[in-house]
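Please look at the sequence and the model side by side before reading on. The paragraphs below take up the pocket and then the salt bridges.

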Amino acid sequence: MGLASIAVFPALLPTFQVEWDLINTAAGWYREFLEAGEFREPEMTADEWREEARRMTWSGAFDDGGLIAVMGLEYAGDAALIRQAYVLPGRQRRGVGSLL
């Protein structure tokens, strides 16, 4: 599917489980680049996700009704810092992150 079929929405109140699952699934791709013992599973614990969800502004990318990517912004003065960005492995390198 092309980018035209992807919808991006602000995620004002994260549903928790769907986003948390996506983050931990998407984070698995960089396991091969880390030194032994540096990869955590899960990448983000439930408590860490709750804390991140509270302090950031989130957006989600959806395709065919399913969540395929999330991005969390933290505002600091007049800057918006990208603190979290995850795209499902099967959807990476197709411009989804750029849409967010």
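A pocket, in the sense used here, is an open set of grid points with protein on both sides within 12 Å along at least five of seven lines, and a residue counts as lining if it has an atom within 4 Å of a point. With that in hand, and bearing in mind that this is a predicted model, one can turn to the largest pocket, which has a volume of about 180 Å³. The residues that line the largest pocket are A26, A27, W29, Y30, A85, Y86, V87, Q92 and R93. Helix α1 and strand β4 each supply at least two residues of this lining, and the largest share, three residues, comes from β4. Sorted by class, the lining has seven nonpolar residues, one polar residue and one charged residue.

From the pocket we pass to the charged side chains, where the structure holds eight salt bridges. In one of them the side chains of R31 and E41 meet at 2.7 Å, N to O. Both R31 and E41 lie in the loop between α1 (17-27) and α2 (46-55), so the pair ties together parts that are 10 residues apart in sequence. As for exposure to the surroundings, R31 is partly exposed, with a relative accessible area of 42%, while E41 is exposed, at 64%.

A salt bridge within a helix is formed by the side chains of D47 and R50, with 3.3 Å from N to O. These two residues both lie in helix α2, three residues apart, which is about one turn of the helix. Here D47 is exposed, with a relative accessible area of 59%, whereas R50 counts as partly exposed at 36%.

The pair D63 and R91 also meets in a salt bridge, at 2.8 Å from N to O. Because D63 lies in strand β2 (residues 57-63) and R91 in the loop between β4 (79-87) and α3 (96-99), this pair ties together parts that are 28 residues apart in sequence. Are these two partners buried or exposed? D63 is buried, with a relative accessible area of 5%, and R91 is buried as well, with a relative accessible area of 16%; both count as buried because the cut-off for that word is under 20%.

Finally, salt bridges that share partners join E52, R55, E74 and R83 into one network.

How values were computed
Residues are numbered from 1 along each chain as its sequence is written. This is a predicted model: local features need pLDDT of at least 70, side-chain atom pairs count only at pLDDT 80 or more; totals for chains, interfaces and linings use all residues. Side-chain values use heavy atoms; hydrogens and water are left out. A salt bridge is a side-chain nitrogen of Lys or Arg within 4 Å of a carboxyl oxygen of Asp or Glu. Helices (H or I, at least four residues) and strands (E, at least two) are DSSP runs, numbered from the N terminus. Buried means under 20% relative accessible area, exposed over 50%, partly exposed in between (1.4 Å probe, protein chains only). On a 1 Å grid over the protein atoms alone, a cavity is a set of points where a 1.4 Å probe fits but cannot get out, and a pocket is an open set with protein on both sides within 12 Å along at least five of seven lines; lining residues have an atom within 4 Å of a point. Grid points are joined across faces, edges and corners, and a volume is the space filled by probe spheres set on the points. Ala, Val, Leu, Ile, Met, Phe, Trp, Tyr, Cys and Pro count as nonpolar, Asp, Glu, Lys and Arg as charged, and the others, Gly among them, as polar.
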